[in-house]
Amino acid sequence: MASEENRAITDLGTLKALAHPLRMQLYRLLCVARTATASQLADQVDEAVSLVSYHLRKLAEHGLIEEAQRQSEDGRERWWQPSSRGVSIRDEDFRYAPEQVAAHLAATRLLHDQHAGMYRRYLDERAAWGAEWNAAAGDSESLLRLTAAELTELREKLLDLLRAYDEKGRSAEAAGETEGREHVALHLYGFPFRV
């Protein structure tokens, strides 16, 4: 059974396993679908089932995903699920050797490139979402003057609020309230800069 907590990635091998464009995409798709087969995922990423199966096994070797209960009678199908609600990758776990720093930077860049790609896709498809979703979706930029401690506090409060809405949505969905419910991505970045 998948853990309800995020898994902290603290070792280089697991970070490198996830920091592959297709694996990161497959992991995200599994987090959204909650369970899927290699065939289902291959259709979504437009890749061969054998290639997707290989990458799923690599994710499983590092404990990022695990086998799920079969969802059909076909005994040949292998179902997968994330082994936790998500992952967290913290800078402080990868700053002690040049290889760690480089791997963390590569994984972070890949993650942010995929985030930007998701948002560009939404913008390209915006007209199909309708007025209600376009009014609800948004982006903003806030240029603040904070200390590192204040930014940490702000990040934690935002994450607490996000977790509360995630629980609210999951509970409503479990109760059968699926009308009008869509997958929503919320990307938050907070970082210092100088002018």
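User: Let's start with helix α6: what distance does α6 reach from its first C-alpha to its last?
Analyst: Happy to begin there, bearing in mind that this model is predicted. Helix α6 covers residues 148–174, which makes 27 residues. At 1.5 Å a residue the expected value is 39 Å, and the end-to-end reach in the model is close to that, at 39 Å.

User: Which residue with a positive phi follows α6?
Analyst: Look just past the helix for a backbone angle near 95°. The residue that follows α6 with this positive phi is Gly 176.

User: How does α4 compare, and what is the distance between its end C-alpha atoms?
Analyst: α4 has 13 residues, so at 1.5 Å a residue it should span 18 Å. Just after α4, Gly 63 takes a positive phi of about 75°. The end C-alpha atoms of α4 agree with the expected span, being 18 Å apart.

User: Which residues of α4 are buried, and what do they pack against?
Analyst: The buried residues are Val 52, Ser 53, His 55, Leu 56 and Leu 59. One of them, Leu 56, touches Leu 26, Leu 30, Ala 38, Leu 41, Ile 65 and Trp 80, leaving out residues up to four places away in sequence. Taken together, the buried residues of α4 pack against α1, α2, α3, β3 and β4.

User: Which helix gives the largest share of the largest nonpolar core?
Analyst: That core has 23 residues, and Leu 26, Val 52, Leu 56 and Leu 59 touch the most other members. At least two residues each come from α1 (12–18), α2 (21–33), α3 (38–45), α4 (49–61) and α5. The largest share, 5 residues, comes from α2.

User: Why do the buried residues of α3 lie on the same side of that helix, and what arc do they cover?
Analyst: The buried residues in α3 are Ala 38, Leu 41, Ala 42 and Val 45. They sit on the same side of α3 because the arc they cover around the axis is only 105°.

User: What covers those buried residues of α3, and which residue just after α3 has a positive phi?
Analyst: The cover includes α2, β2 and α4. Just after α3 the chain takes a phi of about 55°, and the residue with that positive value is Asp 46.

User: Turning to the strands, which ones stand at the edges of the sheet?
Analyst: The open sheet has 3 strands in the order β2-β4-β3, with antiparallel pairing. Two of these strands each have a single partner strand, so one side of each is left without a neighbour in the sheet. Those edge strands are β2 and β3.

User: How many bridges join β3 to β4, and which residue of β4 is the bridge partner of Ile 65?
Analyst: On the other flank, β2 (residues 36–37) is joined to β4 by 2 bridges, and there Ala 36 stands opposite Trp 80. Strand β3 (residues 65–67) pairs with β4 in the antiparallel sense over 3 bridges. The partner of Ile 65 in β4 is Pro 82.

User: Which residues of β4 point the opposite way from Trp 79 and Gln 81, and are they buried or exposed?
Analyst: Trp 79 and Gln 81 point one way from β4, and the other pair points the other way. All of them are buried, and the pair you asked about is Trp 80 and Pro 82.

User: Is Ser 83 buried or exposed, and which backbone oxygen lies 2.4 Å from a polar atom of its side chain?
Analyst: Ser 83 is in the loop between β4 (79–82) and β5 (86–89), and it counts as buried because its relative accessibility is 14%, under the 20% cut-off. The backbone oxygen of Leu 64 lies 3.0 Å from a polar atom of the Ser 83 side chain. The oxygen at 2.4 Å is that of Gly 63.

User: In α5, which of Gln 114 and Glu 132 is buried and which is exposed?
Analyst: Gln 114 has its place in helix α5 (residues 98–136), and beyond its neighbours within four places in sequence it is in contact with Pro 21, Met 24, Gln 25 and Arg 28. Glu 132 is in α5 too, with its C-alpha 30 Å from that of Leu 144, 12 residues apart along the chain. At a relative accessible area of 15%, the buried one is Gln 114. At 68% relative accessibility, the exposed one is Glu 132.

Definitions and conventions: Residues numbered from 1 in each chain as written. Predicted model: local features only at pLDDT ≥ 70, side-chain atom pairs only at ≥ 80, totals over all residues. Heavy atoms only, no water. Helix = DSSP H or I, 4+ residues; strand = E, 2+ residues; numbered from the N terminus. Buried < 20%, exposed > 50% of the residue type's maximum accessible area, 1.4 Å probe, protein only. Polar contact = N/O pair within 3.5 Å; in protein donor to acceptor, adjacent residues only side chain to side chain. Expected span 1.5 Å × (residues − 1). Pairing = 2+ DSSP bridges. Contact = heavy atoms within 4.5 Å. Core = buried A, V, L, I, M, F, W, Y, C linked by side-chain atoms within 4.5 Å. Arc of directions from axis to C-beta.
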